[in-house]
Amino acid sequence: MKGTIKIDSDQCKGCGFCVEACPNDVIEIGSQRNAMGYFYAVVKKAKGKDDKGCTGCSLCAIMCPEVAIEVYREKR
Ligand code: SF4
Ligand code: SF4
């Protein structure tokens, strides 16, 4: 299955739990700070595709204590 995620950067506190949780290495902590001053999580950019490797498993969203991640799944 293919999936995409949206991370609400204003909710993120940069804890990195989602980065650890993702089995496909899709997420990283970026170099920009949000309004609260946290370096927030972003989807890794890879070869022009910004959702490379995401399977829509939702582990990142389940792990996020701030409920900052939404997961979308594409049915095939
Ligand atoms: S839904 Fe699964 S594969 Fe996609 S970014 Fe989250 S943990 Fe990774
Ligand atoms: S788990 Fe949530 S709060 Fe923590 S870095 Fe990921 S998106 Fe941000």
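## A walk through a two-ligand protein model

β2 and β3 form a hairpin with five residues between them, and in the turn G37 shows a positive phi of about 95 degrees. That is a handy place to start in this predicted model. The two strands of the hairpin, β2 (residues 27–33) and β3, run antiparallel and are joined over four bridges. If you would like one pair to find on screen, take I27, whose bridge partner in β3 is V43.

R33 also belongs to strand β2. With 12 C-beta neighbours inside 10 Å, R33 counts as exposed, because a residue with 12 or fewer such neighbours falls in that class. Setting aside neighbours within four places in sequence, R33 is in contact with Y38 and F39. R33 and C12 are 21 residues apart in sequence, and their C-alpha atoms are 9.9 Å apart in space.

Now step back to the whole chain. The protein has two helices and four strands, and reading along the sequence gives the pattern β-α-β-β-α-β. Its radius of gyration is 12 Å, close to the 11 Å that the globule rule gives for 76 residues, so the protein is as compact as a globular protein of that length. The C-alpha trace spans about 40 × 25 × 20 Å along its principal axes. Of the 76 residues, 20% count as buried. Among contacts with a separation of 6 or more, 65% come from residues 24 or more positions apart.

Next, the interior. The largest nonpolar core has 15 residues, and those touching the most other members are I5, I7, C18, I27, A41, C60 and I69. β1 and β3 each supply at least two residues of this core, and the largest share, three residues, comes from β3. I27, the bridge partner of V43, is thus met again here among the well-connected core members. I7 is another good one to click on: not counting residues up to four places away in sequence, I7 touches C12, A41, V42, V43, A68 and I69.

What surrounds the two ligands? Around ligand 1 there are 15 residues, the closest being C22, V26, C54, C57 and C60. Both β1 (2–7) and α2 (59–63) supply at least two residues of that shell. By class, the shell around ligand 1 divides into ten nonpolar, five polar and no charged residues. Ligand 2 is likewise surrounded by 15 residues, with C12, C15, F17, C18 and C64 the closest. Here α1 (17–21) and β3 (39–43) each supply at least two shell residues. The shell around ligand 2 has eleven nonpolar, two polar and two charged residues. Two residues link this picture to the core: C60 is one of the closest to ligand 1, C18 is one of the closest to ligand 2, and both are listed among the core residues that touch the most other members.

Finally, a look at the backbone. Most residues other than glycine have a negative phi. Which residues depart from that here? S58 is not a glycine, yet has a positive phi of about 75 degrees. S58 lies in the loop between β3 and α2 and is partly exposed, with 15 other C-beta atoms within 10 Å. V67, also not a glycine, has a positive phi of about 50 degrees. V67 sits in the loop between α2 and β4 (69–74), and is exposed, with 10 other C-beta atoms within 10 Å.

Methods: Residues numbered from 1 in each chain as written. Chains lettered and ligands numbered in written order. Predicted model: local features only at pLDDT ≥ 70, side-chain atom pairs only at ≥ 80, totals over all residues. Near = placed C-beta within 6 Å. Nonpolar A, V, L, I, M, F, W, Y, C, P; charged D, E, K, R; others polar. Core = buried A, V, L, I, M, F, W, Y, C linked by C-beta atoms within 7 Å. Contact = placed C-beta atoms within 7 Å. Pairing = 2+ DSSP bridges. Rg over C-alpha atoms; globule rule 2.2 N^0.38 Å.
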